[in-house]
Structure formats: C-alpha cells, structure tokens
Amino acid sequence: METESKTALGKVVKMKCPHCGKGHLFVNESILSFSKLGQVKSECTECGTNFNPEPGFYFGAAYVSWGLTVTMWLAILIALKACDALGILEFGFLTHPKTFLITGVAFTLVLFPLLFKLSRSIWATSFIK
Ligand SMILES: [Zn+2]
C-alpha cells in the first residue's frame with residue numbers, strides 16, 4: 001500500500017494522485033531517471049482517478065516547467081552573487097557570464113527530470129480533482 005499525502009503541496013512534491021494522495025502519478029517513480037520520464041499512469045492504482053482527462057492535457061505543464069526553470073536560474077544568480085559577496089568566488093553578471101552560463105546549464109541538465117516531473121505534478125494537482 002502506498003503512503004498517503006493529504007495536502008496539495010504534499011501531493012505535488014511526492015507526485016501522488018491529486019484526488020486521493022495515495023497512488024503515484026508516474027510510471028517510473030524515480031526523480032533522477034530519464035527512462036519513461038514523462039509517462040503518467042492512465043489512472044490511479046488506489047482510487048481509479050483518470051490521470052489523462054483529455055488528449056494533450058499535459059501540454060500546459062510546459063508553462064509550469066518554464067516558470068520553475070526561470071526560478072532556478074534566478075536562484076543560481078542570487079547564489080553566485082552571495083558567493084561573490086562572501087568572497088568565496090569572484091562573480092559579476094557582466095564580468096563573468098561564463099560562470100553563470102556553465103552553472104545554469106549544469107543545474108538544468110542535472111535537475112531536468114525533477115523539474116519535468118514536478119511541472120506535470122503541479123499541473124495535474126491544479127486541474128484534476
Ligand atoms: Zn488516487
């Protein structure tokens with residue numbers, strides 16, 4: 001039996017069924033695997049809620065993914081500026097653009113599966129009741 005998430009935030013973060021909070025949303029439950037990355041189960045294994053209410057339902061999750069990615073890049077910029085202020089490394093947005101780009105691209109590649117699944121989980125929890 002799956003563990004239950006009761007709050008919307010818990011359902012999103014744990015990628016559980018938006019209705020009952022017990023069944024897992026994705027075929028592959030790993031957040032760091034590229035295998036079957038975007039495959040959402042057809043229905044909840046616990047309550048039978050339809051996870052694909054209409055064709056192209058998860059298309060809108062791309063906008064959520066964009067928001068998460070922009071937020072991550074802003075967090076990286078703030079972290080690099082904080083490291084510069086603390087004297088850990090020398091960083092300026094205009095003087096060291098490669099540091100920002102390399103760090104941002106590295107985080108984007110590593111966190112892509114997590115952000116992709118999280119965006120679909122947010123989308124499903126927002127619109128499936
Ligand atoms: Zn369910």
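Below is a short question-and-answer chat about this predicted model.

Residues are numbered from 1 along each chain as its sequence is written. Since the model is predicted, local features need pLDDT of at least 70 and side-chain atom pairs count only at pLDDT 80 or more, while totals for chains, interfaces and linings use all residues.

User: What pattern does the chain follow along the sequence?
Analyst: Helices here are DSSP runs (H or I, at least four residues), strands are E runs of at least two, and both are numbered from the N terminus. The chain has 3 helices and 0 strands. Read in order, that gives α-α-α.

User: What radius of gyration does the chain have?
Analyst: The C-alpha trace spans about 55 × 30 × 25 Å along its principal axes. The radius of gyration is taken over C-alpha atoms, and the globule rule is 2.2 Å times the number of residues to the power 0.38. A compact globule of 129 residues would come out near 14 Å, but this chain has 18 Å.

User: Where does helix 3 bend?
Analyst: At 1.5 Å a residue, a straight helix of 31 residues would span 45 Å (1.5 Å times one less than the number of residues). Helix 3 spans only 39 Å between its end C-alpha atoms. The bend is the angle between axes fitted to the seven residues ending at a residue and the seven starting there. It is about 60° here, with Pro113 following within four residues, and the site is Leu111.

User: Which helix gives the most to the largest nonpolar core?
Analyst: A nonpolar core is a set of buried Ala, Val, Leu, Ile, Met, Phe, Trp, Tyr and Cys residues joined through C-beta atoms within 7 Å. The largest one has 11 residues, including Val12, Leu25, Val40, Phe51 and Trp123. With 3 residues, the top contributor is helix 3 (residues 97–127).

User: Why does Cys44 count as buried?
Analyst: Cys44 sits in the loop between helix 1 and helix 2. Buried means 20 or more other C-beta atoms within 10 Å of a residue's own, exposed means 12 or fewer, and partly exposed is in between, with C-beta atoms placed from the backbone. Cys44 makes the cut because its C-beta neighbours inside 10 Å number 22.

User: Which residues does Cys44 touch?
Analyst: Touching means C-beta atoms, placed from the backbone, within 7 Å. Gly23 is 21 residues away along the chain, yet its C-alpha is 5.4 Å from that of Cys44. Leaving out residues up to four places away in sequence, the partners are Cys17, His19, Cys20, Gly23, Thr49 and Phe51.

Methods:
Two residues are in contact if their C-beta atoms, placed from the backbone, lie within 7 Å.
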